[in-house]
Amino acid sequence: MNKKGFLLMILLFTFGVLLAACGGGTEDGDNEDTGSGEDSGGEPEVEVEEEGTGGSGDEIQLGSGSTGGTYYPLGQQMANVLNDNVELEGFDVSSVSTDASVDNLARIGRGEMELGMTVHTTALQAVNGEADFEGNAVENFGFMGHIYPEVMQVVTTEQTGITSIEELEGGTVNLGPPGSASNAASKLILEAHGLEEGDYEAREEGFGDAASQLQNGNIDANFGFLGLPAGNIDELATQREVVFLPIEGEGLENIEADSDYSQLDIEPEMYDFLEEPVSTVTAYAILVGSTDLVDEETGYEITKQLYENTDSIEHQQGQHMTMENIMHGSEGLPLHPGSERYFEEEGLLDGEEAEDEE
């Protein structure tokens, strides 16, 4: 072969390699995982009528919340406890970031997720087909246990001059991520104080991200269902004079009349900067499980091993996961068959409750 022919073969080979490389680069590139969670800003689908395929085998997903909230780190530790103690063959739980309560229940309804963390009031709305679930009731889940009390904490800073929720008219307010109980409750609270959508500029972000905006003066108030005390608020208090906006008086009466939230005082010992109790509303964070994708035996082991090994949970809110509290938030909700069997073994269901579940 002469020199020109040899050079031509090299050029053709090089060109072919380049074409192959360009052609193979698009298959995975368009499917890059951008992550999910409360802070994603996407509107969660509440459509639950289609039956999904769910997880495969015994691989289980536990829907939590945003990486900056309470659900996500606590959900990670709950998954670790289950993986360390449930001895069913092939059993494996992964805690995943989601848009929290509404999103978790909707995914369970669509058969896309096995377990989820949610506020009990949102679960009641789901099973009754109300609010975000109007026309799309979720009937394939059951209560599996109480997690911790969620407390609505509405904060601003002294520099805003705002001292009441009514004074947020015309202001910029973070409601919490779409699909979260915080978002739905924030709108309810504002409405109960005479503020409709349009009376304020709404932001819909996770509490942690919005706290930095509050610190920088870019928003006027931040709403969030959080455990007590909340680390994001403690951190904000190191940079600004934090002011809690109370939920009380006629506004509180309206909320209690229109929802299942109940009144709670945030006591001064919860925060170093707090000098007197602040009235607010509370609900229970609970664990729910799919009755389609989690069979009775698996549900029984999940409840038993989780609540008999909560001493392994280091997260501060794990202290509330006790046998004394385990049924909190269950009223009005169906029980998961496996969890119900465990509750009955432990004598946690009286005769009337047991009959209602049969």
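These legends describe close-up views of a predicted model.

**View 1. Helix H4 and the glycine that comes after it.**
Helix H4 spans residues 101-109, and 9 of its 9 residues are buried, so the helix is largely enclosed by the rest of the structure. The buried residues are Ser101, Val102, Asp103, Asn104, Leu105, Ala106, Arg107, Ile108 and Gly109. Gly111, just after H4, has a positive phi of about 75 degrees.

**View 2. Helix H5 and the elements its buried residues pack against.**
In helix H5 (residues 120-128), His120, Thr121, Thr122, Ala123, Leu124 and Ala126 are buried. The buried residues of H5 pack against two helices, H4 and H6 (181-192), and against strands S3 (115-119), S4 (141-157) and S10 (278-290). Gly129 follows H5 and takes a positive phi, near 65 degrees.

**View 3. The crossing of helices H6 and H9.**
The axis of H6 comes within 8 Å of the axis of H9 (residues 249-258), and the two cross at roughly 130 degrees. This angle makes H6 oblique to H9. The crossing is right-handed. From H6, Leu188, Ile189 and Ala192 meet Gly251, Asn254, Ile255 and Asp258 of H9. By class, this contact has 4 nonpolar, 2 polar and 1 charged residues.

**View 4. Pro229 in the loop between strand S7 and helix H8.**
The loop that holds Pro229 runs between S7 (221-226) and H8 (231-237). Leaving aside residues up to four places away in sequence, Pro229 touches Asp234, Met270, Tyr271, Gln316 and Gln317. Pro229 and Gln317 are 88 residues apart in sequence, with a C-alpha to C-alpha distance of 9.3 Å.

Note on methods:
Residues numbered from 1 in each chain as written. Predicted model: local features only at pLDDT ≥ 70, side-chain atom pairs only at ≥ 80, totals over all residues. Heavy atoms only, no water. Helix = DSSP H or I, 4+ residues; strand = E, 2+ residues; numbered from the N terminus. Contact = heavy atoms within 4.5 Å. Buried < 20%, exposed > 50% of the residue type's maximum accessible area, 1.4 Å probe, protein only. Axes fitted to C-alpha atoms, helices over the stretch in contact; angles between N-to-C directions. Parallel < 35°, antiparallel > 145°, perpendicular 65-115°, else oblique. Left-handed = near helix turned anticlockwise from the far one by under 90°. Nonpolar A, V, L, I, M, F, W, Y, C, P; charged D, E, K, R; others polar.
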